[in-house]
Amino acid sequence: MPRAAGEERMDAPDADPRELARSLADLRGVNRWLGGTRVVLHHLARLVARHPRREYRVLDVATGSADIPLQVAEWGRRRGLRIRVVATDAHPATLAEARARVAADPDVSAEPADALALPYADGEFDFALCSTALHHFNTDEECVRVLRELDRVARLGGIVNDLHRSRAALLGARLLAATVWRTHPITRNDGPLSVRRAFTPADLRSLAGAAGLRGAEVFAHVPFRVALVWDGRSS
């Protein structure tokens with residue numbers, strides 16, 4: 001199944017704020033119940049073990065409603081670590097949702113940022129994250145630019161966590177679109193389209209090579225996730 005192009009409705013500048021909020025809630029459900037959050041925490045634990053310290057600075061790009069940054073900060077506190085997360089998004093309405101949701105957490109903030117040209121210095125963060133968002137970029141050239149930007153601003157490594165493009169995943173997304181998401185117009189459209197725009201492990205290996213990521217590894221996770229992880233200090 002070749003990778004598809006196309007614009008997702010949640011990225012539209014004039015997306016209806018009420019429907020966008022419902023779609024972001026659906027995405028939180030996908031992250032919670034279908035592995036998005038679990039995959040990030042699994043690989044973050046491995047990176048933290050390789051680079052032990054008491055505090056970390058983490059950048060999350062295209063954060064949506066910042067559910068994963070909040071989970072990362074809480075995960076750190078449970079382990080006696082302080083993990084300060086900057087959650088970024090380029091869509092004004094999505095960023096407003098993220099800001100509202102992180103307001104009560106002193107370790108998480110939300111800022112505007114373009115993933116293709118991040119407004120941060122080289123090595124300003126320890127780790128960079130991008131969850132269920134790389135597939136929003138249509139071309140390989142754009143995906144490589146995003147990966148290079150993540151690598152540039154993160155001293156120690158990064159995690160890109162996305163959907164695994166497969167016929168089984170597409171069938172699952174279409175089933176959800178016909179049932180759970182049937183009254184949610186943005187998610188009903190974007191869910192199956194996201195799978196068609198997503199990646200195979202071979203895709204991510206190729207993109208990581210083109211971006212020049214050091215120590216890059218690709219992992220497939222049940223049910224429908226792939227993760228690209230790199231350790232910026234590996235030889």
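Biologist: In this predicted model, which residues does L228 touch, not counting residues up to four places away in sequence?

Modeller: L228 touches L147, G158, I159, V160, L204, A208, L213, A216, E217 and V218. Each of these counts as a contact because it has heavy atoms within 4.5 Å of L228.

Biologist: What makes L228 notable in the largest nonpolar core?

Modeller: That core has 32 residues, and L228 is one of the four that touch the most other members, together with L134, L147 and L150. The elements that give two or more residues to this core are β1 (55-61), β4 (125-131), α5 (140-153), β5 (154-163), α8 (201-211) and β7 (225-231). Of these, α5 gives the most, with 6 residues.

Biologist: Which residues are among those of the other core?

Modeller: Another core, of 29 residues, lies apart from the largest one, and L47, V72, L81 and I159 are among its members.

Biologist: Why are helices α2 and α3 called oblique to each other?

Modeller: Helix α2 (residues 36-50) and helix α3 (residues 67-78) pack at an angle of about 40°, with their axes 10 Å apart. Roughly parallel requires an angle under 35 degrees, and roughly perpendicular requires 65 to 115. The angle of about 40° fits neither class, and α2 and α3 are therefore oblique. Their crossing is right-handed.

Biologist: Which residues make the contact of α2 with α3?

Modeller: From α2 come G36, T37, V40, L41, L44, A45 and V48, and from α3 come I68, Q71, V72 and W75. By class, this contact has 8 nonpolar, 3 polar and no charged residues.

Notes. Residues numbered from 1 in each chain as written. Predicted model: local features only at pLDDT ≥ 70, side-chain atom pairs only at ≥ 80, totals over all residues. Heavy atoms only, no water. Core = buried A, V, L, I, M, F, W, Y, C linked by side-chain atoms within 4.5 Å. Buried < 20%, exposed > 50% of the residue type's maximum accessible area, 1.4 Å probe, protein only. Helix = DSSP H or I, 4+ residues; strand = E, 2+ residues; numbered from the N terminus. Axes fitted to C-alpha atoms, helices over the stretch in contact; angles between N-to-C directions. Parallel < 35°, antiparallel > 145°, perpendicular 65-115°, else oblique. Left-handed = near helix turned anticlockwise from the far one by under 90°. Nonpolar A, V, L, I, M, F, W, Y, C, P; charged D, E, K, R; others polar.
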